[in-house]
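Before reading on, please open the model and have the sequence at hand. The paragraphs below move from a helix and its surroundings to ring pairs and then to an enclosed space.

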Amino acid sequence: TPIASHAGAAADADVLAAQAGVAPALHSLDRPWTVRATRSQAATFSAWQRQARFGLLLWLLVAAVAMTAGVVATLRRNEMKRLRGLHQRLLQGVDEGLAGIDHEGLIRFANAAFARYVDSRPGDLLGSDLRTLVRWNASADGEADPVSGVLGASLPRYEGPCELGAGVRLRATITPTREQGVVTGALLAFADPLAGAGDAGNARSPADRLYRTLFDLSPDGVLIVDLDSELPLAFNPSATRLLGHDGDAFARMKVRDHEANPAPMDTIRNIARVLAEGRVEFDTRYRRHDGSLCEVQVLAQTIEFGGRPALYWIFRDVTLHRRATSELREHAALMQALVDHLPLPMLVFEQRRLVLINARCQADLAAVEPGIDVEQWLGQACADASACAPFLMHWERLDASEDHQAGVELALRDKAGNPRIHDVHAARV
């Protein structure tokens, strides 16, 4: 037993014989001892059974992770389909020509109305420089090229006449888009062709028509609420559709009338928060016309409407989202319970970062903190630095191939800091 312990090898109960050869310079301990161990046939079969059980448990875990990933991917696909559908409706459902450009002035999207002005198709315009398609008239802002002015942040916004295609005169609005305060592109809206210079003042602003279109086609319920009466001064079709009321009935209902809680104090408190802070977000429950309840997320802020103060009130039905989130939490709890009840230590890495440790691993091996990368984990847990290189080589193959599986022996430290030999298996999921 002392010989096996000094050599760092695990002494199993099924070892038949152990032969140790000691170099002549034993007392100086300047030469390594050698240990040779042989196992019985039963011990070999037992090791195979352990590996088979580990493989089965690993694939059960893979199935659980795949099921959870499938649910998440399905939810994301459905959300992307909804957003793409809304995007197409916004682009194709308006009469104005719409175009979006990036910070270099290249067209990233264009609708059919804009393509007709330049005698082209929307797909053919992608990647074109907008400044080669538009001719700008002299503006009061002194900018010969308003597109460059808006992208360069020298103009906060631009609205003025221009020409497209074969001399078609339009009135354009350029609104910059920002990310973290930096201009990353712009949205351009072109009004109907102007018959003459005298018609420019009578033409409806393209920005006004665009905002009205966005108001009507928004999938969320949007209301303009009068502060005195709490009645809606304006509302979009989605507001009536989400709550199941007709337009006349909805126009006679106060905001507090939609609350599932009969006590109006919550609505009064939320309105007071809007007046005090200017903009608030909160969650509540609304009652539909058929009596069913829905979870809604509300965003409210103060605005001026028709020369008097009002509330801009947006509510979104998040019932299905909350239900899906609850199901995802249940799947995550199920996966955690499955991992924790595995009879073998297990760790899960995501993008080389440790994200999950099961209970058996915490009980048997040295304590490690989530968030460390695989190299740091090896440095803290592995007692034999020479075995880390082959393991990392297998790890690189796992990153390159989904079918590759790694299986090596590592001396990992236990709670007391003593090295113990483990068969470490790794697979990509």
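Contact, as the word is used for what covers a residue, means that heavy atoms lie within 4.5 Å. The model is a predicted one, and helix H12, which spans residues 374-381, is a convenient place to enter it. In this helix Val374, Trp377, Leu378 and Ala381 are buried. These residues cover an arc of only 100 degrees around the axis, and therefore they sit on the same side of H12. The general background is that an α-helix has 3.6 residues a turn, so residues three or four places apart point the same way. The cover over the buried residues of H12 includes strand E14, helix H13 (388-400) and strand E16 (405-413).

One of those buried residues, Trp377, also takes part in ring contacts. Trp377 and Phe349 form an edge-to-face aromatic pair, with 6.1 Å from centre to centre and 70 degrees between the planes. Phe349 belongs to strand E14 (residues 347-350) and Trp377 to helix H12, so that this pair links distant parts of the chain, 28 residues apart. Both partners, Phe349 and Trp377, are buried. Ring pairs further join Phe349 and Trp377 with Phe391 into a cluster.

The structure holds 7 aromatic pairs, and another of them can be followed elsewhere in the chain. Why does the pair of Trp136 and Tyr158 count as edge-to-face? The ring centres of Trp136 and Tyr158 are 5.5 Å apart and the ring planes stand at 90 degrees, and planes over 60 degrees apart count as edge-to-face. Because Trp136 lies in strand E5 (residues 134-136) and Tyr158 in strand E6 (residues 158-164), the pair ties together parts that are 22 residues apart in sequence. With buried meaning under 20% relative accessible area, Trp136 qualifies at 15%, and Tyr158 is likewise buried, with a relative accessible area of 1%.

The last stop is an enclosed space. How many cavities of 30 Å³ or more does the structure hold? There is 1 cavity of that kind, and the volume of the largest cavity is about 30 Å³. Its lining is made up of Phe54, Leu57, Leu342, Leu344, Pro345 and Met346. Sorted by character, the lining residues of the largest cavity comprise 6 nonpolar ones, with no polar and no charged residues.

Notes
Residues numbered from 1 in each chain as written. Predicted model: local features only at pLDDT ≥ 70, side-chain atom pairs only at ≥ 80, totals over all residues. Heavy atoms only, no water. Phe/Tyr/Trp six-rings, centres within 6.5 Å; stacked < 30°, edge-to-face > 60°. Helix = DSSP H or I, 4+ residues; strand = E, 2+ residues; numbered from the N terminus. Buried < 20%, exposed > 50% of the residue type's maximum accessible area, 1.4 Å probe, protein only. 1 Å grid on protein atoms, 1.4 Å probe; cavity = no way out; pocket = protein on both sides within 12 Å on 5 of 7 lines; lining within 4 Å. Points joined across faces, edges and corners; volume = space filled by probe spheres on them. Nonpolar A, V, L, I, M, F, W, Y, C, P; charged D, E, K, R; others polar. Arc of directions from axis to C-beta.
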